[in-house]
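Please open the structure in your viewer and keep the sequence beside it. The tour proceeds by selection: at each stop, select the residues named and then read what is there.

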Amino acid sequence: MAELWDGRLLAWMRSNHATHMWESTSKDEGKTWSPVKQTSITAGDCPTFLTLKSGAIVFANRSSGTYLKVSPDGGKTWGEFSAIAGPDPKDKASYEFPAVAVLNDGTLLAITTERMLKAHPELPVDAPQMLVRSYSSDG
């Protein structure tokens, strides 16, 4: 969920059977929401938002890898996806749960987990490793 420059809340959702993300907005701090509508953004898992001081919105999610997308106009239009990590060409890793923060110097810091798939079949779950990538907020 993101707070837009005009005070509205923007929430995106995914569906297990949809090809795109779905969107709803609230004008009353989340008490009521607009009808859900399909976006132009390809569906993925683990969606997260960050609203910058400029009003731009950073969106990160996971599909075959983890990616960032930036909207300079509060969610009306979106730039191209930029890879944070992946996809793994050998299908040995899954990149999941992205998070984004702004550092003091304005740099965007994006963090995601890398889970090795079946690297240790004797364990019920493989331990995640952290990956870090940063992107400049000035393009």
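Select W22 and Q38 to begin: Q38, in β4, is the bridge partner of W22. Strands here are DSSP runs (E) of at least two residues, numbered from the N terminus. This is a predicted model, in which local features need pLDDT of at least 70 and side-chain atom pairs count only at pLDDT 80 or more, while totals for chains, interfaces and linings use all residues. Residues are numbered from 1 along each chain as its sequence is written, and side-chain values use heavy atoms, with hydrogens and water left out.

**The sheet**

Now select β3 and β4, which run antiparallel and are joined by 3 bridges. Two strands count as paired if DSSP finds at least two bridges between them. Add β2, which also runs antiparallel to β3 and is joined to β3 by 5 bridges. Two residue pairs mark this second pairing: A11 stands opposite S24 in β3, and L9 has S26 in β3 as its bridge partner. With 6 residues between them, β2 and β3 form a hairpin.

Widen the selection to the whole open sheet, whose 4 strands follow the order β1-β2-β3-β4 with antiparallel pairing. Its edge strands are β1 (2–3) and β4, each of which pairs on one side only.

Is β3 mostly covered or mostly uncovered? Of its 7 residues, 5 are buried, so β3 is mostly covered; buried means under 20% relative accessible area, exposed over 50%, and partly exposed in between (1.4 Å probe, protein chains only).

**The loop after β3**

Select E29, in the loop between β3 and β4. E29 is exposed, at 70% relative accessibility. Its phi is near 60°, a positive value in a residue other than glycine.

**Salt bridges**

How many salt bridges does a search of the whole structure find? There are 2; the term denotes a side-chain nitrogen of Lys or Arg within 4 Å of a carboxyl oxygen of Asp or Glu.

Select E23 and K37 for one of them, at 3.8 Å from N to O. This pair links distant parts of the chain, with E23 in strand β3 (residues 20–26) and K37 in strand β4 (residues 37–42), 14 residues apart. E23 counts as buried, at 14% relative accessibility.

Select R8 and D6 next: in their salt bridge the closest N and O atoms are 2.8 Å apart. R8 is partly exposed, with a relative accessible area of 24%, and D6 is likewise partly exposed, at 38%.

**The nonpolar core**

Select A2, L4, L10, W12, M21, I41, A43, F49, I57, F59 and W78, the 11 residues of the largest nonpolar core. Such a core is a set of buried Ala, Val, Leu, Ile, Met, Phe, Trp, Tyr and Cys residues joined through side-chain atoms within 4.5 Å. The elements that give two or more residues to this core are β2 (9–13) and β6. A second, separate core has 10 residues, including L50, L52, I84 and L108.

Return to M21 and display its contacts (heavy atoms within 4.5 Å). Leaving aside residues up to four places away in sequence, M21 touches several residues, among them W12, I41, A43 and F59.

**Aromatic rings**

A search of the whole structure finds 6 aromatic pairs. Rings of Phe, Tyr and Trp (its six-membered ring) pair if their centres lie within 6.5 Å; planes under 30 degrees apart count as stacked, over 60 as edge-to-face and the rest as tilted.

Select W12 and W78, a tilted pair with 5.1 Å from centre to centre and 55° between the planes. W12 is in strand β2 and W78 in the loop between β7 (66–71) and β8 (82–85), 66 residues apart. W12 counts as buried at 8% relative accessibility, and W78 is buried at 17%.

Select F49 and F59 next: their ring centres are 5.4 Å apart and their planes lie at 45°, so this pair is tilted. F49 lies in strand β5 (residues 45–51) and F59 in strand β6, so the pair ties together parts 10 residues apart in sequence. Both F49 and F59 are buried. Show all four rings together, for W12, F49, F59 and W78 form one aromatic cluster.

**Last stop**

Finish at N61, in strand β6 (residues 57–62). N61 is buried, with a relative accessible area of 1%. Its contacts, not counting residues up to four places away in sequence, include T42, C46, Y67 and F81.
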